[in-house]
2 protein chains.
Amino acid sequence: MNVRRTTIKDVAEAAGVGVATVSRVLSGGSASPETRERVLNAATQLDYRPSALGRNLRQRRSGGIGLLVPDITDSFYGRLADGVLACARSAGEPVVLGTTGDDAEREAEQIGMLLEQGVERVVAVPAGNAEIWEPTLRTGLTMVFAHRPVTARDDVPAVLADDRAGVRTAVDYLTGLGHRRIAYLGGPGQGQRVAAFRQSVGALLDEELIVFARGSRDSAYAAAAGLFQHRPDLTAVLAGGNQLGEAAVLAARELDLRVPKDLSLVMFDDVPWAELCSPPLTVIAQPAQDIGYRAAELVLRAGARRPRGVLLPTELIVRGSCGPRRTP
Amino acid sequence: MNVRRTTIKDVAEAAGVGVATVSRVLSGGSASPETRERVLNAATQLDYRPSALGRNLRQRRSGGIGLLVPDITDSFYGRLADGVLACARSAGEPVVLGTTGDDAEREAEQIGMLLEQGVERVVAVPAGNAEIWEPTLRTGLTMVFAHRPVTARDDVPAVLADDRAGVRTAVDYLTGLGHRRIAYLGGPGQGQRVAAFRQSVGALLDEELIVFARGSRDSAYAAAAGLFQHRPDLTAVLAGGNQLGEAAVLAARELDLRVPKDLSLVMFDDVPWAELCSPPLTVIAQPAQDIGYRAAELVLRAGARRPRGVLLPTELIVRGSCGPRRTP
DNA sequence: CTGAAAGCGCTAACAG
DNA sequence: CTGTTAGCGCTTTCAG
């Protein structure tokens, strides 16, 4: 089927030089101008494409960067992936994508697969904790965490949105509108945000108003509906992601809660449909694509300098889903 | 940095057999039960992970499947990718993802990269035409097109949604409501759908009511707004994708067109926010994930049988964005 | 500056 | 059934 691609050897023969010389020229090594031209000509003539296979084996590592996200279906991770792809493309590196479903076991399995492929640079939205990551990090691969850190692994660079500030801004906005019973609807791995939430609400803290969903849409809906039913006294909710926000809108609608009259809603992550929603959703925008791009940048530049992670700003975008506390 | 991973040779020594035997056992070849056990034990003991690098070079092809989509940020392609990933995972194959931006040149560049990586099986949502694809297909890689075919390349299997039926159903629905001036708002590579649209509207056909956007959200908005302004007499529009639908909703809102009172809207692709929209959008649902899964299946099984492509059903989901023709 | 040669880890003949 | 051997295409000493 395959007509044997031209190899470095063919080029060497055609140019009347040794394979080593071809290799050098093609990877920018030193060579006399004359030789260089002969090689380049031959290569062009033969339409030579160096095979990554040979190089990879020789160097005991595949180029390319691995990308692990919980769910490529989620707009946020889609944009994050897009950022990684953009950066990788400008570096000419392939990207191997895997999804973890926010499951530590599946994550480990994917890491194993990447390692088997010789991928030694990976950007991941981590699902597991420090203990889970321990063995992986010991393998010596170059890791960069994106979107959330692994607690107690500050030695691994992470590219994050400033969740703390985002949460605080949102909570301040809500309390400023008079809200006192503010709920947090969270997803997996949101330790940072929840901590920030607890801190931001301060004396208003009510642990019952903090609920979590697992990764799925169903779980998100169940959590939202459960929350609204059990605590009809709450007047505002902060959703920790676009799927959670979606669930909140749906659950509120189902329970005949008017947004923003009965319930004020702020959603983490600005998605295109936030504006189409009725009412348009007030959101905390996160630079998903930048997160991916910067993470990829770090993982590619690693080795040069030891990078220290990045914190990117969030922005509260006020639209129509928040109002003053309803007065009973 | 890397402590030299254990190789097949190490396992062979530990088990007191030759490397070939280890290779055989590990790839399910024949071996005496006793030998097999010794090898397996040694492998476990040493925590041996076969390196794909060596295998790939030897077999002159990397396993793994390439996936090319226009925009991973688009919910539809996100779901399609998810399907591909699901299938690949169950086959233990890595997926190399690339985006084309619906640009033939960029697509060719990505293909080049995949080839260089030794990837010989790719699922793509094609951007280029038959002429563009010609050289690529001659390289002998295993291709499966997803979501749309390349005209005049029926020799390449394609996994498609039944656009023809989807369009017809939508148009029938709209005409049934009394609409006579129905527009089609299309994106890149929608030859099939437009043809189906032309056929479905029959005598109602008005070429001015067929407009196209390029890939971007901006372009989609511009196309929608332009259409609505130039032809205020239209009463219904069929949007050829979720970004186009989004643009249509936005543009309609901007121009104070009430949906569905002034304008009925049907959107290709059911997305989560279609239900959150106000009014909820009537859509033609496409099995995006299935498309991806089936395509991956085909590309993996190819070689066994010569596959003939798949047509998956679409479904009209009536919600609230269509009404009877407004009577002036 | 350049070429010859030695593998990287694995699989696939080919003998035994 | 099993071991030996010859590379896959490339990079990288090491001499010349």
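How much area is buried between chain A and chain B, and what share of it do carbon and sulfur atoms give? Hi everyone, let's start there. This is a predicted model, and in it the two chains bury about 4,500 Å² between them. Carbon and sulfur atoms account for 57% of that area.

Now, who supplies it? On the chain A side, A:Leu53, A:Glu116 and A:Leu276 together give 17% of the area that chain A buries against chain B, and no other three residues give more. In terms of contacts, 53 residues of chain A touch 53 residues of chain B.

Next, symmetry. A turn of 180° with a shift of 0.0 Å along the axis lays chain A on chain B, with an RMSD of 0.1 Å. The two copies are therefore related as by a two-fold rotation axis. Both copies also use the same surface, since 100% of the contact residues of chain A recur in chain B.

Let me zoom in on one piece of this, helix α4, residues 52-59 in each chain. The α4 helices of chain A and chain B pack at about 145°, and their axes are 9 Å apart. Their crossing is left-handed. From α4(A) the contact involves A:Leu53, A:Gly54, A:Asn56 and A:Leu57, and from α4(B) it involves B:Leu53, B:Gly54, B:Asn56 and B:Leu57. That makes four nonpolar residues, four polar ones and no charged ones.

Last, a word from the records. An unreviewed UniProt entry annotates residues 6-59 of chain A as "domain: HTH lacI-type". In the model, that span is 70% helix and 0% strand, and its end C-alpha atoms lie 21 Å apart. Thanks for listening!

Terms used
Residues are numbered from 1 along each chain as its sequence is written. Chains are lettered from A and ligands numbered from 1 in the order in which they are written. This is a predicted model: local features need pLDDT of at least 70, side-chain atom pairs count only at pLDDT 80 or more; totals for chains, interfaces and linings use all residues. Side-chain values use heavy atoms; hydrogens and water are left out. Axes are lines fitted to C-alpha atoms, for helices over the stretch in contact, and angles run from 0 to 180 degrees between N-to-C directions. Helices (H or I, at least four residues) and strands (E, at least two) are DSSP runs, numbered from the N terminus. A crossing is left-handed if the near helix is turned anticlockwise from the far one by less than a right angle, and right-handed if clockwise. Contact means heavy atoms within 4.5 Å. Ala, Val, Leu, Ile, Met, Phe, Trp, Tyr, Cys and Pro count as nonpolar, Asp, Glu, Lys and Arg as charged, and the others, Gly among them, as polar. UniProt positions are given in the numbering used here, feature names are shortened, and annotations may be inferred rather than shown by experiment. Copies are superposed by least squares on the C-alpha atoms of residues with pLDDT of at least 70 in both. Buried area is the accessible area (1.4 Å probe) that two parts lose on being put together, summed over both.
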